[in-house]
Structure formats: structure tokens, C-alpha cells
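Reader: I'm new to this structure and would love a close look at its pockets and the space inside it. Could you walk me through that part slowly?

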Amino acid sequence: MYKVGIIGGSGYTGSELLRILSMHRKVEVISVTSRKHEGKKIEDVHPFLAGFYDLKFVSPELKNLEDCNVVFTAVPHGEAMKYVPRLLEIGLKVIDLSADYRLPKEVYERVYGKHTGYLNAVYGLPEIHGEEIKKASVVANPGCYPTGCILAAYPLASKGFVERIVFDSKSGITGAGAKPTEFTHYPNLHESVIPYKVTEHRHVHEMIQELKCRVSFTPQVYPGSRGILTTAHIILNDCIELEEIISMYRKFYREKPFVRLQKTVRLNWVRGSNFCDLAVFVDSERRVVVTSAIDNLVKGASGQAVQNMNLMLGFDETEGLLTPPLFP
Ligand SMILES: NC(=O)c1ccc[n+]([C@@H]2O[C@H](COP(=O)([O-])OP(=O)(O)OC[C@H]3O[C@@H](n4cnc5c(N)ncnc54)[C@H](OP(=O)(O)O)[C@@H]3O)[C@@H](O)[C@H]2O)c1
């Protein structure tokens, strides 16, 4: 059994890691940190996990993690960089869920601010970088929006067929983390949909990095807890028939167990699962519309992080992750 630690176990992605790892047959969670809840039992902070863990939260000090083989850093950007280099120094593998290692240093510093612990990491989108992830010591788990957006466009963009892409994404509110904000206050979001950071959301830089074309991105939040629905308007630089595009997508995702090509997508067909559902349409000569649906806490965060861990440790990619979605 490999031993796993989680820094940031009191947050949404941390508790989702605990939920998913409780079903994993080849690893054991031995250390989970929280500064706020140090000394409390996991089930006292996360009652939905009652009966699954006999563990108490510990402080995020190195001595509490050194018996692990792998550590997930599920903390805000700017905080992960304080831990990741030290974890690597003591020989652990790391999967970072924050933005700290997703971009080259100069892009990171332009977009997020000063980086004090930079090192090279593999961008952890297994459908694209699976072979590099297998050999990596540190993997930068992608952002939730970029996961759904990049998977929607990659088979066309990677062939150089794309002139530009306009992504329109709607996210459930857990994407903002567990701390209450003005957005998450019930009367502000209930029965509403809120566009935010229009033209300036930081996740666009991951999309450009992977898709290597012009990208516009508009995020919105809707009053649900989990799920990101993206509509990708993909402008091609030449005409391609729908059948040809669909066969391109089928070929690209044939061996990728978590991408499903559907006739249409719905958030409640992926909820609680690691699937990314895609549906492909062509509405005029050069415009392809691809809709994608993911659960932001699973394929958009903790499920994808476990998928990366499976590859890094040489397990089957799907270990612990092939649970069907929760419907209805
Ligand atoms: N939510 C999503 O859908 C999603 C998707 C993809 C990626 N992410 C990324 O994943 C990371 C975690 O997101 P989240 O939604 O789980 O956030 P969250 O609910 O706010 O939880 C963050 C956790 O980090 C811990 N933390 C904060 N500062 C820390 C520090 N300096 N040292 C140690 N622990 C610290 C906090 O625990 P204590 O205060 O108890 O120590 C808290 O439980 C973020 O970088 C986020 O951008 C989130």
C-alpha cells in the first residue's frame, strides 16, 4: 500500500480527495492537514465521511507528511509553493491542485504574482500528457475550467485546424472554495447566473498554453453546487465535414476512459464522477460547437488528481475512479 497525505483536507477539493480515496484499493491516506481543525477527527469536520477514516487532522508541518509516498496540495495558489519544493526534497511525489505550477514562471508572475518556489512540473491533463505524467515527480493538476475547455477543443486544435475559440462556461459555486464570499451568499446567487472576470479570468492562460490558438473565455456561476458546462465555439481555418470531425474526436479519445462522446451533454449525467462528456455539432461551414460537462470537484480537481496519482504510481488509470455519475 502506498501512503498518501493531503495538505488542505478541510476544504472542498481536500474533502473530495478523501471521498474518492476511500474507494481506492492501492493507497491508504495516513496524514491530512488542517490548521483550523488540527486535532479534530475527520468525521467531525466532514460528517458525510463518518465511518470511512479513523484519523485526526494534523498541522501542515513536514514531520507530519514525511512517512507518505505521495502528497496532494489542495491549498490556494501562492500557498502550495511554500510546500511543494520541500516535499520534493524529501523524495515524495506531489500532485498540486493549485495554479502554482501550471504555467511557466514568467507567465505565472504576470498573471498571479511573485513565485517564490518555482520548479518545472508536468501539466496534469492525462488525456494529453499521460506519458509525461507517468515519469513525473510533480504534477500540476489543471484548473477546473481549463479541463472542460481544453478537452472540448484539443482534437481539432492539436491538428492546427483552429483559427480561434470562444469558450462560454457556467460553473457551480463550489469552484470558489469553501470560504463564503459575496458571490456565494444565498440571496445573491439564488435564481441568478453571474458572469465574472469577463475577458480577464486567469484560467485562459492554461487554455492558450495547451491549445496554442486565440482563445476568448467567459466564466459564469450558476446556483448549483457542482458542475461546469462549457460551450466551445470553435472557428476553423478551413471547412471540415461533421462526420470527419466526429471521427477525429472518436479516434483521439478512443483509449481515454474518462472522456465520453455523447449526442448531447448534461451536468447531471456527470455529477459525482470523473467523466468529461462531450457533444460535437457543426452549424455552418467553419464553426464547430462542442459542449462539455464535468464535475468541477472530480474531473475538474480531485478525481483528475487521483487519475494523475494512478499514472505516477504505475496503477491502472481508472483505479478508484470508475464510479457512475449520480443521477438524477
Ligand atoms: N474548488 C474547485 O472546484 C477547484 C477546482 C480545481 C482546482 N482548485 C484549486 O484547488 C485548491 C483548493 O481549492 P478548494 O476549493 O479546496 O479551496 P478551499 O475549500 O478554500 O480549501 C483550501 C484549504 O487550504 C487550506 N489552506 C489554506 N492556506 C493554507 C496554508 N498556507 N497552509 C496549509 N493549508 C492551507 C485550508 O485549510 P485550513 O485553513 O484548515 O488549514 C483550506 O481547507 C485551490 O488552489 C483551488 O484553486 C479548486
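Author: Happy to! Let's begin with the second largest pocket, which is lined by S10, G11, Y12, S15, E16, R19, V45, H46, F48, R226 and L297. Please keep in mind that this is a predicted model. The volume of the second largest pocket is about 160 Å³. Sorted by class, its lining holds four nonpolar, four polar and three charged residues. Which element gives the largest share of this lining? That is α1, with four residues.

Now follow α1 to the largest pocket. Here too α1 provides the largest share of the lining, this time three residues. The largest pocket has a volume of about 1700 Å³. Its lining is made up of 50 residues, and those closest to the centre of the pocket are V75, P76, G175, A176 and G177. If you would like to trace the elements involved, look for α1 (12–21), α6 (144–157) and α10 (298–312), which are the ones that give two or more residues to this lining. By class, you will find 20 nonpolar, 22 polar and eight charged residues around the largest pocket.

Where does the largest pocket sit with respect to the domains? Residues of its lining come from both domain 1 (2–120) and domain 2 (144–298), so the pocket lies between the two.

Two of the helices just named, α1 and α10, are worth a look as a pair. In general, two packed helices are described by the angle between their axes and the distance between the axes. For α1 and α10, the axes come within 10 Å and cross at roughly 50°. An angle from 35 to 65 degrees counts as oblique, and α1 and α10 are therefore oblique to each other. The hand of the crossing of α1 and α10 is right-handed.

Finally, let's turn from the pockets to the enclosed space. How many cavities of 30 Å³ or more does the structure hold? There is one. About 40 Å³ of space lies in the largest cavity. The residues that line this cavity are R19, I20, M23, G272, N274, V298, G320, L321 and T323. R19 may look familiar, since R19 is also listed in the lining of the second largest pocket. In the lining of the largest cavity, four residues are nonpolar, four are polar and one is charged. Domain 1 (2–120) and domain 2 (144–298) both contribute to this lining, so the largest cavity, too, lies between them.

Note on methods. Residues numbered from 1 in each chain as written. Predicted model: local features only at pLDDT ≥ 70, side-chain atom pairs only at ≥ 80, totals over all residues. Heavy atoms only, no water. 1 Å grid on protein atoms, 1.4 Å probe; cavity = no way out; pocket = protein on both sides within 12 Å on 5 of 7 lines; lining within 4 Å. Points joined across faces, edges and corners; volume = space filled by probe spheres on them. Nonpolar A, V, L, I, M, F, W, Y, C, P; charged D, E, K, R; others polar. Domains from an automatic or database assignment. Axes fitted to C-alpha atoms, helices over the stretch in contact; angles between N-to-C directions. Parallel < 35°, antiparallel > 145°, perpendicular 65-115°, else oblique. Left-handed = near helix turned anticlockwise from the far one by under 90°.
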